[in-house]
Every structure is written in structure tokens, then in C-alpha cells.
Amino acid sequence: MEYNDKLIYDLWLTGIKGIGPAAQHALLDAFGFPEEAYHASEADLIDAGISESRRKLILEARDLDDARQELEKCRKSGIFLLTNRDEIYPENLRNTPDMPILLYGKGKPELFSPDADLGIDLEA
């Protein structure tokens, strides 16, 4: 699976200490994509209804170095990343209210596709 620079923002969002899935989803609901949340001003965060304590965590986390290092570790280790925007993101997770923003996997990401032929005969 090919990596792109947008994954850095997903890694940033999921790596903010003190910001769990509910707050991550609130940011995505307000800004659409992790990159827009990263670049949001404090006024934008206030307008989005983000609490003062969470705003502070978000603004203090405005550094992509850790995310870049994590992405590089994944590349070197053969780990792929799926975002909840990816077509092959598991549907059963997509339908949960606190679905993970980012999944890590090893192996063949195309096997996540509902159309993947896993070579298993379920009717046998």
C-alpha cells in the first residue's frame, strides 16, 4: 500500500495524548479531515465547540515530527495504515460510533476488501 503525506495528519490526530476517539470524531465532524483540524486556529476550535482543555492539548500538539517518525517506522517494518476514509476500511468498524480513525496492519491490505478471495470455502 502506498503511503501519502496525508497519513501524517491521521497519525498526528490519533497521537494527541488526552484526545480519544470521541474528541477525534468531533474534530473530524467540525473540520472534515485531520489536516484541516491540524491547521485550525484557536478561534476555529472554539467555534467547533472544542472544550478549553482539549483546545490546549490540540494546540500544544502542533508538531508533526512524532507522526513522521511513526510513519517511517511503519514503512520500514512493512506495516500498512488504513484510515476510516479508505475504501477497504472494515465495514463492521465503520458502523460503530467510536470507530478507530486509523488501523495498523501487516500483510496484504487488499485482503481487507469485502471482495477479497481468501481461498476459504464457507459452504464446505
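Trainee: Why is glycine 49 called exposed?

Mentor: In this predicted model, glycine 49 has a relative accessible area of 60%. The label "exposed" needs over 50%, so glycine 49 earns it. As for its place, glycine 49 sits in the loop between α4 (42–47) and α5 (52–60).

Trainee: How far is glycine 49 from leucine 27, in sequence and in space?

Mentor: They're 22 residues apart along the chain, and their C-alpha atoms are 9.3 Å apart.

Trainee: OK, let's zoom out. What is the overall layout of helices and strands?

Mentor: You've got seven helices and two strands. Walk along the sequence and they come as α-α-α-α-α-α-β-α-β. Of the 124 residues in the protein, 35% are buried. And if you take the contacts with a separation of 6 or more, 61% of them involve residues 24 or more positions apart.

Trainee: Now histidine 25. Why is it called buried?

Mentor: Its relative accessibility is 13%. Buried means under 20%, so histidine 25 qualifies. The residue belongs to helix α2 (residues 21–31).

Trainee: Which residues of α2 are buried along with it?

Mentor: The full set is Ala23, Gln24, His25, Leu27, Leu28 and Phe31. These buried residues pack against α1, α3 (34–39), α4 and α5. And just after α2, glycine 32 takes a positive phi of about 90°.

Trainee: What makes the pair of histidine 25 and methionine 99 a polar contact?

Mentor: A polar atom of the histidine 25 side chain lies 2.7 Å from the backbone oxygen of methionine 99. The distance limit is 3.5 Å, so the pair falls inside that limit.

Trainee: Which residues does histidine 25 touch, if you skip its neighbours within four places in sequence?

Mentor: Asn84, Pro97, Asp98, Met99 and Ile101.

Trainee: On to the charged pairs. How many salt bridges are there?

Mentor: Eight. The general idea is that side chains of opposite charge can pair when their charged atoms come close.

Trainee: How do you know that arginine 68 and aspartate 65 form one?

Mentor: Their closest N and O atoms are 3.9 Å apart. The rule asks for within 4 Å, so the pair counts as a salt bridge. The two residues are three places apart in helix α6 (residues 65–77), so about one helical turn separates them.

Trainee: And what does that spacing tell you in general?

Mentor: An α-helix has 3.6 residues a turn, so residues three or four places apart point the same way.

Trainee: Why is arginine 68 called partly exposed?

Mentor: Arginine 68 has 45% relative accessibility. That value is neither under 20% nor over 50%, so partly exposed is the label that fits. Aspartate 65, at 41%, is partly exposed too.

Trainee: What makes glutamate 72 and arginine 75 a salt bridge?

Mentor: Their closest N and O atoms are 3.5 Å apart, and the cut-off is 4 Å, so they're in. Both lie in helix α6, three residues apart, about one turn of the helix. Glutamate 72 has a relative accessibility of 32%, which counts as partly exposed, and arginine 75 gets the label "partly exposed" at 38%.

Trainee: How do you know that arginine 94 and glutamate 91 pair up?

Mentor: Here the closest N and O atoms are 3.6 Å apart. Within 4 Å is what's asked for, so call it a salt bridge. The pair sits in helix α7 (residues 91–94), three residues apart, so again about one helical turn lies between them. Arginine 94 is partly exposed at 25%, and glutamate 91 is partly exposed at 48%.

Trainee: Last topic: the largest pocket. How much space does it hold?

Mentor: About 360 Å³.

Trainee: Which elements give two or more residues to its lining?

Mentor: α1 (6–15) and α6 do. The largest share, six residues, comes from α6. The lining has 15 residues in total, and Leu11, Gly15, Ile16, Asp66 and Ala67 lie nearest the centre of the pocket.

Trainee: What is the chemical make-up of that lining?

Mentor: Six nonpolar residues, three polar and six charged. Gly15 is one of those nearest the centre, and Gly counts as polar here, so Gly15 goes in the polar group.

Key: Residues are numbered from 1 along each chain as its sequence is written. This is a predicted model: local features need pLDDT of at least 70, side-chain atom pairs count only at pLDDT 80 or more; totals for chains, interfaces and linings use all residues. Side-chain values use heavy atoms; hydrogens and water are left out. Helices (H or I, at least four residues) and strands (E, at least two) are DSSP runs, numbered from the N terminus. Buried means under 20% relative accessible area, exposed over 50%, partly exposed in between (1.4 Å probe, protein chains only). A salt bridge is a side-chain nitrogen of Lys or Arg within 4 Å of a carboxyl oxygen of Asp or Glu. On a 1 Å grid over the protein atoms alone, a cavity is a set of points where a 1.4 Å probe fits but cannot get out, and a pocket is an open set with protein on both sides within 12 Å along at least five of seven lines; lining residues have an atom within 4 Å of a point. Grid points are joined across faces, edges and corners, and a volume is the space filled by probe spheres set on the points. A polar contact is a pair of N or O atoms within 3.5 Å; within protein, one must be able to donate a hydrogen and the other to accept it, and residues adjacent in sequence count only if both atoms are side-chain atoms. Contact means heavy atoms within 4.5 Å.
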